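Student: Hey, I've just been handed this structure and don't know where to start. Can you walk me through it?

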Amino acid sequence: MRKQIPIEQLRVGMYVTKLDISWSKTPFWRHRMRVGSLDHIEALRACGVRFVEIDAEKGLDLASQGGSVSTVDPSSTRIADLLSRASQPQGKEPSTPFEEELTIAKEVHKQAKAVIGQAMGDARQGRKLDLDALSMVSERLVESVLRNKDAISSLSRLKSFDEYTFFHSVNVAILALAMGRQRGMPREALSRLGLGALLHDIGKMKIPHDLLNAPRRLDEGEREIIKQHVMRGAEYLSQHTVLPEETLRPLLEHHERVDGSGYPAGRRRKDLSRPGLIASIVDVYDAITSDRVYHKGMTPNQALRQVHGLALEGSLDLDSVRELIQCLGVYPVGSCVMLSTGEIGVVSRPNPADPSKPVLLLVRDGSTPCQPPKPFDLVEQPTQPSRSIVATVDPRQIGIDPNRVLDSPSA
């Protein structure tokens, strides 16, 4: 039996079949769900849900709770609060200004892509890895993250359809290291995490290329072959080098899920390592923000919402997802936003002191393009009333390429 109830009466264990708003406006990506935690309820409330429809045959009914009104734990974190207040990074403050480090970071990113490309080629041919080159570039990534994690993290926006595997491996390493620095991991641990993240997908070189890039839905047998890339990667590395177990964790665990639904071992939260938890989250985030043969990449804000939704549903570690959101900021570099004046801007630099006020490149004033784009700092506004971000925008719907804007000579 289905019934409509106010959000105040929603309890853990109830089965929700309908909302009074579109599901697309929430972080949940199923159109029906069992409420698994108070975080689920808080996320719905934060998105503006006032009434829900529940199925009393598939979940708890009001009667089974004595008809009482639920009490929401006030300490439970709302997604709206989480996405509007990113915490200060842990550990030391940046020792190098953003723009200065960005110049260095671009060269490190380019070198890392070349080195991982060579490593992937060696793996496909069965040759021994150049571990010295991989370790050297991993250390350069670590050093850049330690100087200013925001600068090199901003380059995770760089993608290539034709070279997806190379860019993805580098981006996963960058994001993993940024999360590691965010939580204050020691230098030695960051070094192991960075190298492991770079190599997390090396086993894909042992999977037929046509299967990896098939522009169609794979059948069950083909999906099982794809899943073999994890153990094939571990086998290849064991044949050609000796790596610490902590370095292998990102490879072995980046497809595991905290509810046991992942592969290859179906491990649950208690059996997963910190490097593995980090790798599983940044692997998903970078994948869904990339164009693939079977889907168009999401915007950074959409991707953060989906990753957070997956955590609320129990497959990703919620605390680690919150760290990613805090690490990238409310509006990751490359996000396209609308101001209270109707102007459109692309986020060019985060503001750790106030994540809701990043530095922008204004690209449109109403219907008039800004050529060249105009730098605008939401903190240092010379005129009143001050402008603020009122919405994120899908740049493809308004004909803007954020990467072209950010990489233009005038940026």
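Tutor: Sure, let's go through pockets, cores, helices and a few single residues.

Tutor: This is a predicted model, so local features need pLDDT of at least 70 and side-chain atom pairs count only at pLDDT 80 or more, while totals for chains, interfaces and linings use all residues. Residues are numbered from 1 along each chain as its sequence is written, and side-chain values use heavy atoms, with hydrogens and water left out.

Student: Okay, pockets first. How much space lies in the largest pocket?

Tutor: About 1600 Å³. A pocket here is an open set of points on a 1 Å grid over the protein atoms alone, where a 1.4 Å probe fits, with protein on both sides within 12 Å along at least five of seven lines. The volume is the space filled by probe spheres set on the points, and grid points are joined across faces, edges and corners.

Student: And which residues lie nearest its centre?

Tutor: K204, I226, H255, Y263 and Y294, out of 48 lining residues. Lining residues have an atom within 4 Å of a point.

Student: Which helices supply at least two residues of that lining?

Tutor: Among them are α3 (98-125), α6 (164-182), α12 (274-288) and α13 (300-312). Helices are DSSP runs of H or I with at least four residues, strands are runs of E with at least two, and both are numbered from the N terminus.

Student: What's the lining of the largest pocket like by class?

Tutor: It has 18 nonpolar, 15 polar and 15 charged residues. Ala, Val, Leu, Ile, Met, Phe, Trp, Tyr, Cys and Pro count as nonpolar, Asp, Glu, Lys and Arg as charged, and the others, Gly among them, as polar.

Student: What about the second largest pocket, what's its volume?

Tutor: About 760 Å³. The second largest pocket is lined by 37 residues, with R157, T289, M298, P300 and N403 nearest its centre. Elements giving two or more residues to that lining are α5 (149-153), α13, α14 (318-328) and α15 (402-406), and α13 gives the most, with three residues. By class, this lining has 15 nonpolar, 14 polar and eight charged residues.

Student: Switching topic: which residues touch the most other members in the largest nonpolar core?

Tutor: L10, V52, L141 and I202, in a core of 81 residues. Helix α3 gives the most to this core, with ten residues. A nonpolar core is a set of buried Ala, Val, Leu, Ile, Met, Phe, Trp, Tyr and Cys residues joined through side-chain atoms within 4.5 Å. Buried means under 20% relative accessible area, exposed means over 50%, and partly exposed is in between, using a 1.4 Å probe and protein chains only.

Student: What does V52 touch?

Tutor: Leaving out residues up to four places away in sequence, V52 touches residues including I5, I7, L10 and V16. Contact means heavy atoms within 4.5 Å.

Student: L141 came up too. Which residues of α4 are buried?

Tutor: A133, L134, V137, S138, L141, V142, S144 and V145. They pack against α3, α5, α6 and α7 (187-198). Helix α4 covers residues 131-147, and its 17 residues reach 24 Å from first C-alpha to last, close to the 24 Å expected at 1.5 Å a residue. The expected span is 1.5 Å times one less than the number of residues.

Student: And how far does α3 reach?

Tutor: Helix α3 has 28 residues and reaches 40 Å from its first C-alpha to its last, close to the 40 Å expected. G126 follows α3 and has a positive phi, near 80°.

Student: Is E323 buried or exposed?

Tutor: E323 counts as buried because its relative accessibility is 12%. This residue is found in helix α14, and E323 touches M179, Q182, R183 and R274, not counting residues up to four places away in sequence.

Student: Last one: where are the cis peptide bonds you'd point out?

Tutor: One joins Y263 and P264, with omega about 15°. P264 lies in the loop between α11 (245-253) and α12. Another cis bond runs from Q371 to P372, with omega near -5°, and P372 is found in strand β8 (residues 368-377). Most peptide bonds are trans.
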